[in-house]
Amino acid sequence: PEKIDPDEARAAIGEVERIVTVSDFIGRGVAALYPEAEPKVQTIYSGVDLDRFLPIWTPEARRIRQRLRSEHGLARGPVLLYVGRLSPKKGADILVRAMGPIARRYPEASLVLVGSKWYGEDRISDYVAYVRALAARAPLKVHTTGYVPADQVHEWFAAGDVFICASQWEEPLARVHYEAMAAGLPIVTTARGGNPEVVRGLGNGLVVEKPESPEAFAQAILKLLSDSEARVRISRRGRELAEAHFSWDRVASEIRAVWERR
C-alpha cells in the first residue's frame, strides 16, 4: 500500500495476463493484498552467471582466493563472507556481534564485509560508521571492503569459506544466494521473506530462524566450521543446484514460456 494506490494496483492487475515474481513469498504477498491476482502469479527464480562465479575448488578461483587473502591479510583461518549493502535491515552489525563465540573456537578466522551504504557509492553513513566501529572492537579480524564494482564482486566469493546473508527485513529473495551457490560456498541465511526458499531442505546451507540473535548466527556458523566433510558436501551441492536450476538460460526459458503461453 505504501508503494501503489490500491485502486491503481487493481487496475494494473486487471490489465495484465501474468504476474511474474522473484519468489513465492512475493507472490503470496501480492495475492494476500489482491486475491484477484492469485491465478496470474507465477514465480521465476533469478539466476547467476555460472562462468563468472566459479566454484572455489577450481584452479582460477584458487588463484583469486590466494591473491585476495594475501593482499588483505586473510591467509590463515576460515573466511566468513558477507556481500550486500551496509544498512540496518541487512544485519551486518548483528553478524559482527556474532563473532565472539567464533573467535574463541577459531581465533584465526576472519569476517569480510563486502559492500557499502548504497549501490555505486562509498559514502560513510552513520550505520556504516557504527559497523566499522564494531568491527574495530571485534575479537577477530573484520575486513570491510567498502564499495566493490559489480564486475569484481565475484572475486570475493572465491576468497570465502562460508557465506552469510544476515537480512533482518522480509527480503524478496537476495540474489547473493545464487552467487554463493555458484561459488560453492555453504550458505547461512535468515528465515526472512523469500531467502529460505532456495536453502531450506536443499542441502546447500542452514537457515537461522532468529535473525535478530547474534548467538543464532554463531551457532549456525560454528556448525559448518566444525564439520569439514559436511562443509564440502554442502559446497558441492550448492554448485550442483546452481548449475541445474539457477542458470540464466533457465531464467530465459521460463520467461519465454510465459510469453508463449496461451
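Colleague: In this predicted model, which way do Ile187, Val188, Thr189 and Thr190 point from strand E7, and are they buried or exposed?

Modeller: Ile187 and Thr189 point one way from E7 (residues 187-190), while Val188 and Thr190 point the other way. All four are called buried, because that word applies to a relative accessible area under 20%.

Colleague: Why do the side chains of a strand alternate in this manner?

Modeller: In a regular strand, side chains alternate between the two faces of the sheet.

Colleague: What makes E7 a partner of strand E6 and of strand E8?

Modeller: Two strands pair if at least two bridges are found between them. Strand E6 (residues 162-164) is joined to E7 by two bridges, so the requirement is met, and the two run parallel. E7 and E8 (residues 205-208) share four bridges, also in the parallel sense. Phe163 has Ile187 of E7 as its bridge partner, and Thr189 has Val207 of E8.

Colleague: What is the unit made by E6, helix H8 and E7 called?

Modeller: E6, H8 (residues 176-182) and E7 form a right-handed β-α-β unit.

Colleague: How do you know that the span of helix H3 agrees with what is expected?

Modeller: H3 (residues 59-71) has 13 residues, which at 1.5 Å a residue should span 18 Å; the end C-alpha atoms are 18 Å apart, so the two agree.

Colleague: What puts the buried residues of H3 on the same side?

Modeller: The buried residues are Ala61, Ile64, Arg65, Leu68 and Arg69. They cover an arc of only 125° around the axis, and therefore lie on the same side of H3. These residues pack against strand E3 (79-83) and helix H7 (153-159). On the other side, Pro59, Arg63, Gln66, Ser70 and Glu71 are exposed.

Conventions: Residues numbered from 1 in each chain as written. Predicted model: local features only at pLDDT ≥ 70, side-chain atom pairs only at ≥ 80, totals over all residues. Heavy atoms only, no water. Expected span 1.5 Å × (residues − 1). Buried < 20%, exposed > 50% of the residue type's maximum accessible area, 1.4 Å probe, protein only. Arc of directions from axis to C-beta. Contact = heavy atoms within 4.5 Å. Right-handed = clockwise from strand over helix to strand, strands pointing away.
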